[in-house]
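This briefing goes through one structure by topic. It takes strand pairing, then single residues, then aromatic and surface features.

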Amino acid sequence: YDAEDGQVEPGEYAIEYLKRTSPNRRWVVTLEGEDDEVSLIGEAQLTIARRAVLKLNCGFGVTGKAPDFAPEIGVIFSF
C-alpha cells in the first residue's frame, strides 16, 4: 500500500514448482515478476555435500522489459 498515492500496488511475486527426482537432485520451474517484468526460470539443484547444494538456473524474459537471457550459478549452504 502506497500511503502517498492511496493505492495498493503488487510487489514482486513468484510461482514455483519443485520436483525431487532422487535424493541428490531437484528441479525447479519458476514464474517470477514485478510490475511489467516477468521471467520464466528453470533450475537444477544438485546436492554436492551434506549441507551444500549447487544451483544451476537460467531465466528467460516473458515480457519486453525482462532480461532476455539470465544464467546463474550458486551454492546453498544450510546450517
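## Strand pairing and local features

S3 and strand S4 (residues 52–61) are paired in the antiparallel sense, with ten bridges between them. The model is a predicted one. The points below cover the hairpins, a buried threonine, the aromatic pair and a nonpolar patch on the surface.

**S3 and S4**
- Two residues make up the hairpin connection that joins S3 to S4.
- Within this pairing, Leu 46 has Leu 54 in S4 as its bridge partner.

**S2 and S3**
- S2 and S3 run antiparallel and are joined by ten bridges.
- Gly 33 stands opposite Val 38, a residue of S3.
- The hairpin of S2 and S3 has two residues between the strands.
- Asp 35 is in the loop between S2 and strand S3 (37–49).
- In this hairpin, Asp 35 takes a positive phi near 55 degrees, and Asp 35 is a residue other than glycine.
- Is Asp 35 buried or exposed? Asp 35 counts as exposed because its relative accessible area is 58%, and the cut-off for exposed is over 50%.

**Thr 30 in S2**
- Thr 30 has its place in strand S2 (residues 25–34).
- Thr 30 counts as buried because its relative accessibility is 7%, and buried means under 20%.
- Which residues does Thr 30 contact, leaving aside neighbours within four places in sequence? They are Ala 14, Ile 15, Glu 16, Ser 39, Leu 40 and Ile 41.

**Aromatic pair**
- The structure holds one aromatic pair.
- Phe 60 and Phe 69 form this pair, which is tilted, with 5.8 Å centre to centre and 50 degrees between the planes.
- With a relative accessible area of 43%, Phe 60 is partly exposed, as the value falls between the 20% and 50% cut-offs.

**Nonpolar surface patch**
- A nonpolar patch on the surface is formed by Ile 15, Tyr 17, Val 29, Leu 31, Leu 40 and Val 62.
- Together these residues have about 560 Å² of accessible area.
- Strand S1 (13–22) and S2 are the elements that give two or more residues to the patch.
- Tyr 17, one of the patch residues, lies in strand S1.
- Tyr 17 is exposed, at a relative accessible area of 53%.
- Ile 15 and Leu 40, both in the patch, are also among the contacts of Thr 30.

Notes
Residues numbered from 1 in each chain as written. Predicted model: local features only at pLDDT ≥ 70, side-chain atom pairs only at ≥ 80, totals over all residues. Heavy atoms only, no water. Helix = DSSP H or I, 4+ residues; strand = E, 2+ residues; numbered from the N terminus. Buried < 20%, exposed > 50% of the residue type's maximum accessible area, 1.4 Å probe, protein only. Contact = heavy atoms within 4.5 Å. Pairing = 2+ DSSP bridges. Phe/Tyr/Trp six-rings, centres within 6.5 Å; stacked < 30°, edge-to-face > 60°. Patch = residues over 30% accessible without salt bridge, like charges linked within 9 Å, V, L, I, M, F, W, Y side chains within 5 Å. Areas by Shrake-Rupley, 256 points an atom, 1.4 Å probe, with all protein chains shown as cover. Salt bridge = Lys/Arg side-chain N within 4 Å of Asp/Glu carboxyl O.
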